[in-house]
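Let's take a walk through this structure together, starting with the overall build and then moving in on the details. Keep the picture open beside you as you read.

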Amino acid sequence: MQIVLIEGDGIGPEVTQAACRVVAAAGVKIDWVKAPAGISAAEQFGDPLPGETLEMIRRYRVALKGPCTTPIGKGYQSINVRIRQGLELFASVRPVKTLPGIVTPYEKVDLIVVRENTQGLYAGLEHEVVPGVVESVRLVTRAAAERIVQFAFELARHHGRRMVTFCHKADVMRLSDGLFLECARTVAGDYPFLEFEEKPIDNVCLEMAMDPSNFDVLVMENLFGDVVSDLAAGLIGGANPSGGLGLVPGANLGNRHAVFEAIHGSAPDLAGKGVANPIAVVRSAAMMLEHIGHGVSGARIERAVIKTLEAGVGLTRDLGGVGTTATITEQIIKNLGA
Ligand code: NAD
């Protein structure tokens, strides 16, 4: 089976290689087709996301991606936004769960953030009106709003979840979130067997900081989803300096294509040192295996990660250990048989 591998920037090559090793050790034979993206691609091809990379994902349908660096406020448009928009990967799925061996104030967090991935303030529709005045358009369409809420309900149904929470700010953004909320209510009507609640995004953040264990599946627009998924990750990371960033996996899904990636960035401070935590990318690869029909192997990898955290051997620094990317990868591979 051929799957596209985008190694990305910074720690990307180190953590994606670790994930490939774990997938191979789990017995799934994948022919990884490397595709360029990121700063190195910009240097080599003059574009951080060469057209051939998008073409390869279109051809092979599925990709595992490492993080790509995006310069702030200058240079090129985010590669991630271009991939998500270019391939119509309309749903971002980020499962956040309490993990063993990591002490947090909350013991039973098990939530999934579903984020609309192509519109909202991240649609990239910005312009300078006059010098000193800029405008960003917050795009919401009925079709995209209904599609993402329906996706969240279907995901909840498929995974046997209890409740879907729609997060919004419709009291202030009356038109854009007003439309989104109307769509959410309509779609919720088709799923009477699942609980539905609608909550202002600021209340959601407050409740999440106080007790995230009450949440189940959350669905929201693009910017809110970006912020809330990092917030949620921070709540399961214990005292780790990077919160749970090295732990939380993610998927960008469309009707035809799928790109799996960790929620963390390229961590330039750790790049090339061999100390980055590969767990988030390993778990993203496990999600990918489930997506391509190798759910048993995906579940086996997830169990091996849990065992590794429980045993506490070979852990990277962000998890309070003294190990490296290589030592924790070895432990995960060893625990595949446990
Ligand atoms: P970051 O996630 O790269 O790093 C934040 C902190 O978490 C740093 O201290 C870092 O060392 C730590 N960290 C991150 N991943 C880790 C891991 N696997 N193991 C151990 N520690 C880890 O966030 P940032 O510094 O804001 O962003 C750096 C670059 O990454 C930026 O250019 C940003 O645009 C890009 N970025 C890319 C993606 C993506 O490609 N999906 C996502 C987020 C950020």
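One spot to begin with is arginine 61, which is partly exposed, with a relative accessible area of 36%. Look for arginine 61 in the loop between helix 3 (51-60) and strand 3 (62-65). What is unusual about the phi of arginine 61? Arginine 61 isn't a glycine, yet its phi is positive, at about 75°. As a rule, most residues other than glycine have a negative phi. We'll run into other positive values along the way.

Now zoom out. Keep in mind that you're looking at a predicted model. The protein is built from 11 helices and 12 strands. Its radius of gyration is 20 Å, close to the 20 Å that the globule rule gives for 338 residues, so the protein is as compact as a globular protein of that length. If you drew a box around the C-alpha atoms along the principal axes, that box would be roughly 55 × 45 × 40 Å. And how much of the protein is tucked away as buried? Of its 338 residues, 53% count as buried.

Next, find the ligand. There are 22 residues around it, and the ones that come nearest are Cys68, Thr70, Gly265, Ala267 and Asp269. By type, the shell splits into nine nonpolar residues, nine polar ones and four charged ones.

Some of the contacts here are polar, and you can pick them out one by one. At threonine 70, a backbone N or O atom sits 2.9 Å from an oxygen atom of the ligand. With asparagine 80, the side chain takes part: one of its N or O atoms is 2.9 Å from a ligand oxygen. Glutamate 261 also uses its side chain, with an N or O atom 3.1 Å from a nitrogen atom of the ligand. On its own the ligand has 810 Å² of accessible area, and the protein covers 72% of that.

Alanine 267, one of the residues that come nearest to the ligand, deserves a second look. Its phi is near 40°, a positive value in a residue that isn't glycine. You'll find alanine 267 in the loop between strand 12 (258-260) and helix 9 (279-291). Alanine 267 is partly exposed, with a relative accessible area of 21%.

Asparagine 80, which we met at the ligand, leads us to helix 4. This helix covers residues 79-86, and its buried residues are Ile79, Asn80, Val81, Ile83 and Arg84. What caps the N-terminal end of helix 4? That's serine 78, with a side-chain oxygen 3.2 Å from the backbone nitrogen of asparagine 80. Just after the helix comes glutamate 88, with a positive phi of about 55°.

Last stop: the cysteines. A disulfide is a covalent bond between the sulfur atoms of two cysteines. How many disulfides does the structure hold? The count is zero. Take cysteine 167 as an example: the closest cysteine sulfur to its own is in cysteine 205, and at 8.2 Å that's too far for a bond. Seen from cysteine 205, the closest cysteine sulfur is the one in cysteine 167. Cysteine 167 is buried, with a relative accessible area of 1%, while cysteine 205 counts as partly exposed at 24% relative accessibility.

Notes:
Residues are numbered from 1 along each chain as its sequence is written. This is a predicted model: local features need pLDDT of at least 70, side-chain atom pairs count only at pLDDT 80 or more; totals for chains, interfaces and linings use all residues. Side-chain values use heavy atoms; hydrogens and water are left out. A residue is near a molecule or strand if one of its heavy atoms lies within 4 Å of it. A polar contact is a pair of N or O atoms within 3.5 Å; within protein, one must be able to donate a hydrogen and the other to accept it, and residues adjacent in sequence count only if both atoms are side-chain atoms. Accessible areas come from the Shrake-Rupley method with a 1.4 Å probe; for residues, only the protein chains shown count as cover. Ala, Val, Leu, Ile, Met, Phe, Trp, Tyr, Cys and Pro count as nonpolar, Asp, Glu, Lys and Arg as charged, and the others, Gly among them, as polar. A disulfide is a pair of cysteine sulfur atoms within 2.5 Å. Buried means under 20% relative accessible area, exposed over 50%, partly exposed in between (1.4 Å probe, protein chains only). Helices (H or I, at least four residues) and strands (E, at least two) are DSSP runs, numbered from the N terminus. The radius of gyration is taken over C-alpha atoms; the globule rule is 2.2 Å times the number of residues to the power 0.38.
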